[in-house]
Amino acid sequence: MLEINNLHATVAGKPILNGLSLTVPAGEVHAIMGPNGAGKSTLSYVLGGRPGYEVTGGTVTFIGEDLLAQEPHERAAAGLFLGFQYPVEIPGVSSMQFIRESLNAQRRARGQADLSGAEFIRLARAEAAELGMDVDMLKRPVNVGFSGGEKKRAEMVQMGIMRPRFAVLDETDSGLDIDALRVVGAEINRIMRGPDRAALLITHYQRLLDYVQPDRVHVLAAGRIVRSGGPELALELEREGYAEVA
Amino acid sequence: MTDDVTFKNREAHEAAEKLATYEWGFTSDIESERAPKGLNEDTVRYISAKKGEPEWLLEWRLKAYRAWLTMEEVDWAKLDIPAIDYQDAYYYAEPKQKPTIASLDELDPEIRRTYEKLGIPIEEQKVLAGVEGARKVAVDAVFDSVSVATTFREELNKAGVIFRSISEAVKEFPDLVRKYLGSVVPQRDNYFACLNSAVFSDGTFVYIPEGVRCPMELSTYFRINAENTGQFERTLIVADKGSYVSYLEGCTAPMRDENQLHAAVVEIFAHEDAEVKYSTVQNWYPGNAEGVGGIYNFVTKRAMCSGARSKVSWTQVETGSAITWKYPSCILKGDGSVGEFYSVAVTNNRQQADTGTKMVHIGANTRSTIVSKGISAGRSDNTYRGLVKVLPGAENVRNFTQCDSLLLGDQCGAHTVPYIEVKNPTATIEHEATTSKISEDQLFYAMSRGLDQEAAVALIVNGFAREVLKQLPMEFAVEAQKLLGISLEGSVG
Amino acid sequence: MTALALPTRKDEAYRYADLDALGRVWADLAQAREIVVPAGEAHSHVLLAANEAVEVHRARLVIQPGASLDLFALNGAAEYGRIEMDVEVREGARFTLNAANIAGGKATQEIVTHVRHTEPNGTSNQTVRSVLGGTATGSYLGKVAVARQAQKVDGEQSVKAMLLDRGATANCKPELEIYADDVKCAHGATVGELDPTQLFYAMSRGLPPAEAKALLLEGFVLQLWDDAPEDRRDELVEASRALLRRVAA
């Protein structure tokens, strides 16, 4: 579903990704682990198309299309979801309005009809309930006044409503207590597990992987994948540290 | 509670005044060394001739004088300025022989106490008080050298730094002076700057050559105490490419002058990658508790950050003068140039201060920071007035302004007048301002730990002003901290 | 009829005004509207100034002890819009202003306030948002004055301007004149463009750039009307949307 081939990228002229290659087939969940500064967040932003993250070489193919040629919103319409490490606050815009307008924009791009107000509210309420979140939270401005954990859960609600084909989840486990971690883990499994879906979990720690069992684990260091393996690699990293393994 | 203030600083000033008026007794034979009273073209010619100036400078002065005649005094500041009779004043006097006393024991005990509170070393006290033969001793004591002037000059010469009075510089380096004089503050900039251009008495000229880091902090301290630079001081600092200089102006000791009107001009010209740090402690006589007397301090200070990545930083601690009108500013013309303004202004009794800065962003990626702390006490008025302007061609400008006022007592005023004018969408401008009174909780807390009220106020006020004080060179900062406390004594309670 | 001479740029309250446009309506300008909110009452007013090419609205407001006034003002005149008010806030009274300049083309819009706290325990809150496109100019000149006897006053100003195009100008002058010591007065002002991080976040959720921009601008402005009187809120929202569409286009 996602094929990254020899990807090079710079931020403010500084090389961060240095020939990263990675393939995530449909139906699989992969984890990328690595020390701080390895380029984990850069990878997620490059995949999302964030301005300022410049691709200087390599290709990324997403469901047969050239991902890098697409604008951020086109990537979303194509089925890519980026879970932000630091979800952005947008004062004055309610989450409800934000998600609904975004979802309908995606649907229109795919040639589908808009969801009506009633349909959307039903969907939002159901998805919020899965996270144990009061739907009233979604009436508040996007991420404003949310705690770190609430922001991450709100990201999962968005993901549940949008049902992407592929999710890149950047440090989704950071800022979560153990109960929230279990809930978020269950949500990732519920929303992203399926024969025509896939996900890439970007994380520093192994603990999210207790709840979302990855099919493959990759170690990122200095902008490239230096090791890949099964779920046992995550445990080994936890035990031995990055210096030993990578 | 403000009527019965014991304003030690004021008392010291008054004591100093008494000394000057009676015991030091300026006599009438000084008259012969003065220009005739009043201001006209002849006065300007007289000044220029007395200083032996070249023709071009006389012409420059005359041009300024003629322009000044057509201009009006500024009226937009939040200041109540009594009418000034410009014809009822002397515009030139030969540097006066300072009256001397035999030893510090003869000094008024009040002044002595103030000096001690400020922590001014004994030898410097002698210089300030005009003790006979003190200068050389002070110099020796402070710098452990037989002749500081010589040592200074040698070291600066070796580095290629020019540090002269403006009068000397006009003779020794006429081309340099001519090139930059008036290049940052044009003659017609404002009424007071124009007056200064016509009749400036003396001042300082500094030139730092390309790539030179000035080997010492340059200070007007010694010269100001050595000779009377007069009421129309003119300072010109030129920092060539990649150079650095830190310049200190003023003195924390109470300064007095029989000239009520002071209209100084300071121009700084910074070339590519040059950095100038300009620190001021201003403690001119503020007048008595009823607002009688005191200096009118109308100063025009401006820096031209002409070269790419040049940087000028203004830091000021303003505690003196009856009226202060002063806006040290930066024209940020070079791409990536940086302007900073850090200010503490204290007003007490009947003092009035209208001070702030202008940051004019012309170049791309220019940045400015403004931190202003105003402290009002007694029946004073303290105004921050500032302008942040971003021109259409200035891309990616950043400005941050923090502007806080502290009120001590309910008979004073604290005002904030910031102008923000932005003509480029890529600018990021942030401005914050707060007004508060001194916290009774903080006062009580500090006092419950054993500080008396004055010490507690000084502590809190210094905390309030900390961001600015920490910009000062170390030895200056210590004195400035003490000065804040002294300036506010008796204002709470 | 106004007997006064046309102001000039030297008049502080008119330093950013479009004096040509003002000159055309000056002679016919109505006297400032007088509004007195009686003691203890709570009033709301809506001023929607977006119908004529030139709109100049002036008001003198007195909020009597214990009363409150919520004012919602949308400045959207296509050529010159000026909303000017002198507000006296008496003991324990409260004044809230929520106002927007939405200007495009060559328009000049300004909101000029003088809020005078003459007695203790008053509160004033002014929130002004400007969205400026084309070569438009949007200004806020706001002065909060606290008299000597007006202790325990709380005066806030929040001013934010967003510049959409090269050539647009934002001016603001949030002024404080404080003569009482036990007060809480603060202001914050920012000028900038749309936050690129917010823009990317919205786009990463599927919104095309123009829609993402429109949504963020609405968020920037429409929260001003959250507490507007129910019967006028929709009108304010719709008028703001229409103006934003025009300005952001």
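**A walk through chains A, B and C**

Okay, let's start where chain C meets chain B: that contact takes 32 residues from chain C and 29 residues from chain B. Bear in mind that this is a predicted model. On the chain C side, strand S11 (169-178) and strand S12 (184-192) each give two or more residues. S11(C) gives the most, with ten residues. If you sort that side of chain C by class, you get 15 nonpolar, seven polar and ten charged residues.

So what does S11(C) join up with in chain B? Strand S18 of chain B, residues 413-422, is joined to S11(C) by six bridges, and the two run antiparallel. To pick out one pair, B:Ala414 has C:Ile178 as its bridge partner.

Now the other contact of chain C, the one with chain A. Here we have 19 residues from chain C and 22 residues from chain A. Helix H2 (196-204) and helix H3 (209-222) of chain C each bring at least two residues to it. That side of chain C has ten nonpolar, six polar and three charged residues.

Over to chain A itself, which has a nice open sheet. Six strands line up as S6-S9-S10-S3-S11-S12, with mixed pairing. Strand S6 (80-83) and strand S12 (224-229) are at the edges with a single partner strand each, so one side of each has no neighbour in the sheet. From one strand to the next, the twist averages 20 degrees. Inside the sheet, S3 (residues 29-33) and S10 (residues 198-203) of chain A run parallel, joined by five bridges; A:Val29, for instance, is partnered with A:Ala199. Helix H1 of chain A, residues 40-48, packs on this sheet and touches S3, S6, S9, S10 and S11 of chain A. The direction of H1 makes about 145 degrees with that of S9(A).

Next, the inside. In soluble globular proteins, nonpolar side chains tend to be buried together. The largest nonpolar core here has 267 residues, and B:Ile268 and B:Val276 touch the most other members. H3(C) gives the most to this core, with seven residues. Leaving out residues up to four places away in sequence, B:Ile268 touches several others, including B:Val184, B:Ile237, B:Tyr278 and B:Met304.

One last residue: is B:Gly203 buried or exposed? B:Gly203 counts as buried because it has 24 C-beta neighbours inside 10 Å. You'll find B:Gly203 in strand S2 of chain B, residues 203-208. C-alpha to C-alpha, B:Gly203 is 25 Å from B:Ile81, and the two are 122 residues apart in sequence.

Conventions:
Residues are numbered from 1 along each chain as its sequence is written. Chains are lettered from A and ligands numbered from 1 in the order in which they are written. This is a predicted model: local features need pLDDT of at least 70, side-chain atom pairs count only at pLDDT 80 or more; totals for chains, interfaces and linings use all residues. Two residues are in contact if their C-beta atoms, placed from the backbone, lie within 7 Å. Helices (H or I, at least four residues) and strands (E, at least two) are DSSP runs, numbered from the N terminus. Ala, Val, Leu, Ile, Met, Phe, Trp, Tyr, Cys and Pro count as nonpolar, Asp, Glu, Lys and Arg as charged, and the others, Gly among them, as polar. A nonpolar core is a set of buried Ala, Val, Leu, Ile, Met, Phe, Trp, Tyr and Cys residues joined through C-beta atoms within 7 Å. A residue is buried if 20 or more other C-beta atoms lie within 10 Å of its own, exposed if 12 or fewer, and partly exposed in between; C-beta atoms are placed from the backbone. Two strands pair if DSSP finds at least two bridges between them. Axes are lines fitted to C-alpha atoms, for helices over the stretch in contact, and angles run from 0 to 180 degrees between N-to-C directions.
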